[in-house]
Amino acid sequence: MDVEKTMTTKQAIEESFPIVEINQLAVPERNAFKPIYQMHKWFARRASCVFRAILLSAMKPAGTDIMQEFYKDHTNDPDTNGKVILDPFMGGGTTVVEALRLGCKVIGIDLNPVAWFIVKTEVESVDIDKLKQAFKDLENRKTSSGKTAKEELLSHYKTECSCCGNKDADIIYTFWVKSAVCTNPLCKKEVPLFSSYIVAQKSPSIRFYKDVKCSLCTKTFDWEIEPASLIAESSLTINNPTDSCGLGRGNKRYSLSAKNNVKCPWCEKTQTPRLSATKKERKKVVLSVLCCPHCASIFQYRGTVPENVSCAVCKFEFNPHIGNIPDSGKFVCPSCGNKDQIIKSIRSLPDNQLLPTAPYAIEGYCPNCSGDIEEEIEEESLFGETIKKTTIKKDVTHLCQLTKNNGKFFKKVDSADIERYQRALKCWEKEKDNLPYPKQEVPRGEKTKSGLIAHHFIHWHQMFNPRQLLCLSILLKAIDEEPDWTLKEMLLSAFYQALRNQNMFCFYNPARSELEPLFSRHDFAPVNTHTENNVWGNIYGRGTFNSVIDKIIKGKEFALHPYDSGQDDDKHGSYRDPLRTDFNVQAYSTTSITLSDKYADFVITDPPYAGNVNYSELSDFFYVWLKCVLDKKYSYFSPEQTPKAEEIIENPTRGKSSSDFKEGLTKVFRECHRVLKDTGILAFTFHHAEGQTWDNVLAALCDSGFEIESVYPIHGDEFKAEAMGAMKISFDLIHICKKRFDTTLDKRSWAGVRQEIKKKAREEVKLVESGRYGNEPLSPPDIQIILTGKCLELYSAHYGNIVDYENNPVPLQQALKEIKAMVDQIISPEEYFSLQMEDIGLESYVWLRYLSWYKTEIKSDDVHKAVKGILDVQDLLDSSLIVKGRAKRGRTYEVKQPQQRLPEILEKFQDIPMPQTNLFGEVEAVKTKRKVYFADKIQLLLALIMNKENILPWLERFRGESPQIRVALQFIAKKSKELAPHAKKIIEIMDVGPLFK
């Protein structure tokens, strides 16, 4: 290989990247991924537009307009066709899919079999018509009861409509509440764990005539011609006397009638009112569904919900906003007043026993009340053939409260609903030995120990109630009977996606009027009031099997006719780059620590995020169900759980340390270096809040023989808390790396490199301010991550050859901390402060900049946010500037005050001689074995002045640092009310003597 050519050949991504344009596409895509990426849930997915742009920029020569290429068809593009792309951490398959669209040959590897299954089904060719037919066959497949699969599953989710009495109304959601057992030994009563008694809220818009006049009593009211109701019974509605009429209508009264006969709400006489205007208007009506804590009735409150409400049935008065959970994780027993932790109540139960649960409400759907009536009609075609069609028409033949709500209603769980659930439970006990479901124990892990095992979810199947287990197992058995394996796996993909919506960890979102599924966060989060979905589903409900099968079909249609967001005609026929999978993709479920000898032109990946996402622990939830079918064909699914021993991750519960993460990542990067062509590029996205993780990733990269050519910020998959207060980081960094060939570089002084880095960072600040990353202003954490990335480009070019003034190597960890401190100073709003404080030391800088004005104890999280990766909290503890707090079991820190530290600071200086002045009048520094911090000097001066002692000898001793001392005291005077008078007094003394100015 011609090394000189290797060093001079440039690709577009080494010189520039369309950051602004791709960010504009990435933000909306995070909220609505393209159909192929909605086929399966995967964790921390990246926007596909980002990886399409990375791939194109890596394969196109320097000078190419990437955004023009972004919207071109690459079917016959010599720059992309046939290029070999390796992704050693393929995850949800974004790199694989986007590379296949460009005609590349792709090698995708992931240790996790679930990730392999996702990618396989994303890219596998399938006949859409056959897939649709397979779904119909599944609907009609007979179960052991003799019913079809669809009929069997729907039969378990029926309820009686409380409006028209239809006994075949569909359940959309069933609402359940857990109860804690009171830990008072004299009480032991079950306490329903309601945080509030508001079940649902909605503000429908209805048509009405404004201010009509009663023809009998002449008073005015609103004549509503459409019902505003979430329940069927008008007798179960209570009105707020101040605003029940609707938003903007004040305390007016109203009456509902779709006909001319209207009952006056004043005199209660039925008549035809006089219209003040013939034009109908619209208004919003605030509706809330409440649950009575006394009689468990479900009723409706119209208008703003006050703090005191009387039940519409039993007249019990209660505050609907406050339940039995005063604080997170705690409950109060209404019987005896005992307050305790929910987890203590759980621990009082046998190890395999869950907290008792009970259903309390149902949201249902009645087609009769919606007016959606299916009607079969016959039409004659142009050729004289008779064609039968099924249409839906609107037809409500009874007085109905629900038509405006499309036939949806809330109701109390009645005895018939309980009986139906009990029948499902008995059926499950009878049939479960003949049905496929997971029987494995939950392995102990970082996420499972607290979210599952601590709450007594010992086996995976305990995450589902018996009715859910029955329906899911029947459905899985029916899927397994599909003879075509490709179609079976597509149906299994729909089952996979439905699982996260069909378990006891789902909850109801009143603001969106829908269920929120498991893994809304990257953990197992038990909920006190969970929501049970209809497994098969009707026309309503989020994540039912009936709805997710459409996602699979749309995903496979997208593979044939893909589009890229950003052009108006994208979804109207402007298709480009369909997936070309024949002989172009090789996907494996194995470790990437050892790769085959096949060479790659490019390595494009998204490596694991240390301990941020525990992929194997989370994906076990899906794995144990998939195994029931897939272990018959694929050895990847033979083990009882996903492989964990070789997972590259930080996981203290499983003994995986930060060093293990670094070691594993280094091995993979070294293998990538080995198989990557010398002209190739390694590109990966990464972001992490912890400085140590950055150290590990960058050390792994550089130790593997790569150097960073460029770093580009791009919007990540989610916002991550990173700074003091409400600041968020929204950017990932794209690292563009190439092989390092010249390892004999001359040593560089760290002081000189720092100056170059500082210069580069200041140049980047000007580019940020000029709009390089868009017109929206960036938060300081965003700017910090951008500048840190740009600084690392320069550092990596001299990696291993940077030394300090004593010719000792400067380790990456130290350099990274100083770079981050430098960046923090550059973007500081107090510019003069930052310029003066560049060389005071990291511990002193963080103390002064973020902690010096604190007098009370600080939350541990806030201290970690303050150091921001500049240094470790342990460094502050070692410096004695802070100590562990006494409150909240040590989960706080205490900033030590000047007078508190005075004895130890004086002891530090006790054996240090006074500095000497040389012939040139310069103060020579005194070396000491005991480290003296700049912060020590500031606190010493403050403590002495507070004790009314003479500080002039000390000011003389610190004369060489007078400018920094002055700025530090000015900063403290501005930030701390308690220390301000003393800081100002010291400044006054310094102003008297010219030597200190």
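Helices and strands here are DSSP runs, with at least four residues for a helix and at least two for a strand, numbered from the N terminus. By that count, the protein chain holds 31 helices and 36 strands. The model you see above is a predicted one, so please read the values that follow as computed from that prediction.

## The chain as a whole

Let us start with the broad picture. The protein chain has 997 residues, and 55% of them count as buried. Among its contacts with a separation of 6 or more, 71% join residues that are 24 or more positions apart.

## Space inside

A search of the whole structure turns up six cavities of 30 Å³ or more. The largest cavity encloses about 460 Å³ of space. It is lined by 32 residues, and those closest to its centre are Phe-89, Gly-91, Asp-110, Asp-606 and Tyr-615. Sorted by class, the lining has 15 nonpolar, ten polar and seven charged residues. Two helices, α6 (94–101) and α17 (615–630), each contribute at least two residues to this lining.

## A strand covered on both faces

Next, have a look at strand β15, which spans residues 298–302. Five of its five residues are buried. On one side sit Ile-298, Gln-300 and Arg-302, on the other Phe-299 and Tyr-301, and both faces are covered.

In general, the strands of a sheet pair through backbone hydrogen bonds, either parallel or antiparallel. Strand β15 pairs in the parallel sense with β9 and in the antiparallel sense with β14. Tyr-301 is a handy residue to find on screen: Ile-238 is its bridge partner, and Ser-288 stands opposite Tyr-301 too. Strands β14 and β15 form a hairpin with six residues between the strands, and there Ala-296 takes a positive phi near 65 degrees.

The table lists these pairings together with one from another sheet, described next.

| Strand pair | Sense | Bridges |
|---|---|---|
| β9 (residues 237–239) and β15 | parallel | three bridges |
| β14 (residues 287–291) and β15 | antiparallel | five bridges |
| β35 and β36 (residues 892–895) | antiparallel | three bridges |

## A three-stranded sheet

Further along the chain is an open sheet of three strands, in the order β34-β36-β35, with antiparallel pairing. Why do β34 and β35 each have one side without a neighbour in the sheet? Both β34 (858–859) and β35 (882–884) stand at the edges with a single partner strand each, so one side of each is left without a neighbour. Within this sheet, Lys-884 has Tyr-893 of β36 as its bridge partner.

## A buried asparagine

Finally, turn to Asn-465, found in the loop between α13 (448–451) and α14 (466–480). Is Asn-465 buried or exposed? Its relative accessible area is 5%, and a residue counts as buried under 20%, so Asn-465 is buried.

The side chain of Asn-465 has polar contacts with backbone nitrogens. One is the nitrogen of Arg-467, reached at 3.0 Å. Another is the nitrogen of Gln-468, which lies 2.8 Å from a polar atom of the Asn-465 side chain. Leaving aside residues up to four places away in sequence, Asn-465 touches Trp-176, Tyr-421, Met-504 and Glu-532.

Key:
Residues numbered from 1 in each chain as written. Predicted model: local features only at pLDDT ≥ 70, side-chain atom pairs only at ≥ 80, totals over all residues. Heavy atoms only, no water. 1 Å grid on protein atoms, 1.4 Å probe; cavity = no way out; pocket = protein on both sides within 12 Å on 5 of 7 lines; lining within 4 Å. Points joined across faces, edges and corners; volume = space filled by probe spheres on them. Nonpolar A, V, L, I, M, F, W, Y, C, P; charged D, E, K, R; others polar. Buried < 20%, exposed > 50% of the residue type's maximum accessible area, 1.4 Å probe, protein only. Polar contact = N/O pair within 3.5 Å; in protein donor to acceptor, adjacent residues only side chain to side chain. Contact = heavy atoms within 4.5 Å. Pairing = 2+ DSSP bridges.
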